[in-house]
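Grab a pencil and work through a few exercises on a protein with its ligand. Try each one yourself before reading the solution.

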Amino acid sequence: MRLFFALEVPADLALGIADWRARALPLAGREVPAANFHITLAFIGELAEAALDTLCREVDAQIAARPAAAGQLQLDQVGYWPRPGIFWLGPQTWPDTLGGLAHKLGGLGARHGSERRRDRFQPHVTLFRHCTTPPPAPTELPQFALPYREFLLMESRQGRHGVRYAPVAGWSLGD
Ligand code: 2AM
């Protein structure tokens with residue numbers, strides 16, 4: 001199973017973001033479908049199905065020991081990473097608790113063999129993949145509020161019509 005931890009983008013917000021993308025940005029690279037919008041907290045990669053229960057119990061224990069807080073992100077900037085060729089929408093600032101959660105989840109992934117991220121955590125929704133040149137600035141600045149009260153363990157499945165993400169488990173965040 002190819003797994004990652006993520007914050008979900010609610011369907012109505014995803015449609016709002018897709019509308020803004022169509023209005024404010026030219027087509028760049030490959031457009032990510034609105035149904036696939038999410039914010040990756042930590043990428044796990046391939047995990048044997050037999051190890052899934054262990055991973056979930058480890059997350060339970062982490063959350064019980066140090067509950068992470070629910071919150072809200074203001075998605076108010078865009079960015080471009082030339083190496084993966086990703087054009088993204090994300091917040092300029094975010095709660096330390098969210099960075100802490102991403103770090104802890106990344107640590108659990110590392111125990112199961114995934115590579116630890118070396119770059120700084122930047123929450124983001126990928127809008128376009130495979131961009132070869134930086135897209136121009138949006139004609140309309142983004143301003144989307146993304147409230148989050150839980151995070152999900154997602155499975156990435158390659159289908160005939162492209163990749164699809166399916167939730168495998170979820171954890172509520174405290175106040
Ligand atoms: P993204 O978060 O930049 O969009 C499922 O594949 C998700 O995990 C995608 O959202 C993807 O990028 C992220 N992802 C894929 N491979 C990754 C890797 N090697 N390191 C970190 N994140 C990765």
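The exercises below start at the ligand and then move out to the strands.

Before you start, note that this is a predicted model, where local features need pLDDT of at least 70, side-chain atom pairs count only at pLDDT 80 or more, and totals for chains, interfaces and linings use all residues. Residues are numbered from 1 along each chain as its sequence is written, and side-chain values use heavy atoms, with hydrogens and water left out.

**Exercise 1. List the residues around the ligand and sort them by type.**

Step 1: Take every residue with a heavy atom within 4 Å of the ligand. That gives you Arg-2, Phe-4, His-38, Thr-40, Phe-43, Ile-86, His-124, Thr-126 and Arg-129.

Step 2: Sort them, counting Ala, Val, Leu, Ile, Met, Phe, Trp, Tyr, Cys and Pro as nonpolar, Asp, Glu, Lys and Arg as charged, and the others, Gly among them, as polar. You end up with three nonpolar, four polar and two charged residues.

**Exercise 2. Find side chains that make polar contacts with the ligand.**

Step 1: Look for pairs of N or O atoms within 3.5 Å. The side chain of His-38 puts an N or O atom 2.6 Å from a ligand oxygen.

Step 2: Check Thr-126, whose side chain also has an N or O atom 2.6 Å from an oxygen of the ligand. For Arg-129, a polar side-chain atom sits 2.9 Å from a ligand oxygen.

Step 3: Now look at the cover: the ligand alone exposes 470 Å², and the protein buries 71% of that (Shrake-Rupley areas with a 1.4 Å probe).

**Exercise 3. Which strand gives the most residues to the shell around the ligand?**

Step 1: Strands here are DSSP runs of E, at least two residues, numbered from the N terminus. Those giving two or more residues to the shell are S1 (2-8), S3 (38-46) and S7 (125-129).

Step 2: Pick the top contributor: S3, with three residues.

**Exercise 4. Trace the strand pairing.**

Step 1: Two strands pair if DSSP finds at least two bridges between them. S1 runs antiparallel to S9 (residues 150-159), with four bridges, and Ala-6 has Leu-152 as its bridge partner in S9.

Step 2: Carry on from S9 to S10 (residues 162-172), another antiparallel pair, joined by ten bridges. A two-residue hairpin links S9 and S10, and Glu-150 faces Ser-172 of S10.

Step 3: Turn to S7, part of an open antiparallel sheet of four strands ordered S2-S7-S6-S5. Its edge strands, S2 (30-31) and S5 (77-81), each pair on one side only.

Step 4: Go back to the ligand: Trp-88 stands opposite Thr-126 in S7, and Thr-126 is one of the residues surrounding the ligand.

How values were computed: A polar contact is a pair of N or O atoms within 3.5 Å; within protein, one must be able to donate a hydrogen and the other to accept it, and residues adjacent in sequence count only if both atoms are side-chain atoms.
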